[in-house]
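Please work through the exercises below with the model open beside you, and try each task before reading its solution.

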Amino acid sequence: VTGPLQVEGLLRELAPQVLGAVLRRGADFGVAEDAVQEALLAAAVRWPEQGIPDSPAGWLITVAARKLVDWRRRETARRPKEAAAVDWVPADDLRSPAPDAAGPAHDDSLLLLFLCCHPALPRPAQVALTLRAVGGLTTAEIARAFLVPETTMARRITRGKRRITQAGARFTLPRAAERPQRLAAILEVLYLIFNEGYTASSGTALQRRDLTVEAIRLTRALRDQAPQEGEVAGLLALMLLTDARRDARTDARGALVPLAEQDRSRWDYAQIAEGLSLVAATLAERTVGPYQVQAAIAAVHAEATQAQDTDWLQIAGLYRLLEHLDPNPVVTLNRAVAVAMVDGPQAGLAMVDALDDDPRLAHHHRLAAVRAHLLEMTGDLPGARACYEQAARATASAPEQDYLRTRAARLRER
Amino acid sequence: MKYLLLIYSSPANWAVLPRTELDGLLGEYAAFNKEVTESGEHLDGARLADVSTARTVQVRGGRADVTDGPYIEYKEHLAGYYIVECESAERAQELAAKIPNARYNAVEVWPLMAAGGQDM
């Protein structure tokens, strides 16, 4: 007997392969994607009861193909004149796929990622389409994970698919010259999915844990297809090492626990081991990118079994490298914390002061939060308190605000 | 980022509005609803029942006091809301400006705080 969860896992694995097979026969992306979703839904209902067919991918492709043929027939019946203009799959091509019709599965999810993360699409549509077309999630599941109504998510998906068709995007690899930029967009979308799940506080966490798991699964699959891309490995390592801290980052009430105060025995050491070996392998390469460096920073934290054992000198050096690769004031702010841990809070504060006039950080709560933390280290408690309160007013996150207010209240009582 | 758009209204305005203008307003609301729905930005929204039906609840000394009307009594009152998800604060303000009541009274734009947070 096959459980629904097992079927769900299998369907998510097969989704890109099946969609790829249908697309390679020339179907329009939007219609093909709908047909595959219907086939996945049919399987989710039938397989747990009747068992998984011998060729699950072949079964799904046949059902999706039948949907396409049905729709086309209905359309022909309704609007005979326009039907000829509808660019759908020739029915015969799809009627009887060979048993191994799934084809070269290894390419498909990469090609689909390029389509779903096409630059013509707004970011929310890229995210939703990636989860549906490549991840095999339903619209309802994606909507729940992003805390928006299902109708809203359905609109984003429909609009995204229309944009893909309008942009004339093809189910092929982008030109070599475009590829690095297009790959970077895919990594951004995957990291966004991960963060949406990871930064959720507990309470609603159960649904959102799905997103981190899904982001890691998709990135892992991408790495299988592009093993030579150091940044893909870097992003996978960064996700694994960050996610390894998930159980320690909030307390029983769902309040944020800062890295320095986390119970490190609750970290996921199997995941840390995998992340560390990825970091070791990718850092050996000649060129490194921002994800690899961020993963390396996460690795240094992961290697410290107690907060006071953290190798801050190495972290400060890695932030300097990151600043060079991806100059932005938030990175400098993080480096200021590391520098403060090595050379004392005054050195860190000097760096923070230098960022005061940066318009990109104006009203940014992290500037005030870091200053508060460093002032607390110097013993200037009233100054620290004022900065924590300023940061609490500026943040857009409820758990961050709770943390910063608690921190300020703690200083008031000292 | 999610934003709450609070729509303010005053009964005095509605009382003097000519019928053609009222028709036009309803059409504008329908067009606005269509736009934010199709753009995938609309999350929720409703018109509030008449201000006379609002009740204010205050617990004092462990006892709940219920009084008629809104908490803050003024010529204008809350008449409805939208929750939208926009790319930027500017876009949320742009949407607010398209709500007809922004011309007669006002629409407030409030960012909603995220339920998640970054590591500190």
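Two exercises follow, one on a sheet and one on cysteines.

The model is predicted, so local features need pLDDT of at least 70 and side-chain atom pairs count only at pLDDT 80 or more, whereas totals for chains, interfaces and linings use all residues. Residues are numbered from 1 along each chain as its sequence is written, chains are lettered from A and ligands numbered from 1 in the order in which they are written, and side-chain values use heavy atoms, with hydrogens and water left out.

**Exercise 1.** Determine in which order the 4 strands of the open sheet in chain B are arranged.

*Solution.* Step one is to take strands (E, at least two residues) and helices (H or I, at least four) as DSSP runs numbered from the N terminus, and to pair two strands if DSSP finds at least two bridges between them. Step two gives the order β2-β5-β1-β6 in chain B, with antiparallel pairing. Because β2 (42–47) and β6 (106–111) of chain B each have a single partner strand, they stand at the edges, and one side of each lacks a neighbour in the sheet. Step three looks inside the sheet, where β1 (residues 2–9) and β5 (residues 77–85) of chain B are joined by 8 bridges, and where B:Ile7 has B:Gly80 in β5(B) as its bridge partner.

**Exercise 2.** Decide how many disulfides there are over all chains, and whether A:Cys116 is buried or exposed.

*Solution.* A disulfide is a pair of cysteine sulfur atoms within 2.5 Å, and the count by this rule is 0 over all chains. For A:Cys116, the nearest cysteine sulfur belongs to A:Cys117 and lies 6.3 Å away. With buried meaning under 20% relative accessible area, exposed over 50% and partly exposed in between (1.4 Å probe, protein chains only), A:Cys116 is buried because its relative accessibility is 0%. B:Cys86 is buried as well, with a relative accessible area of 5%.
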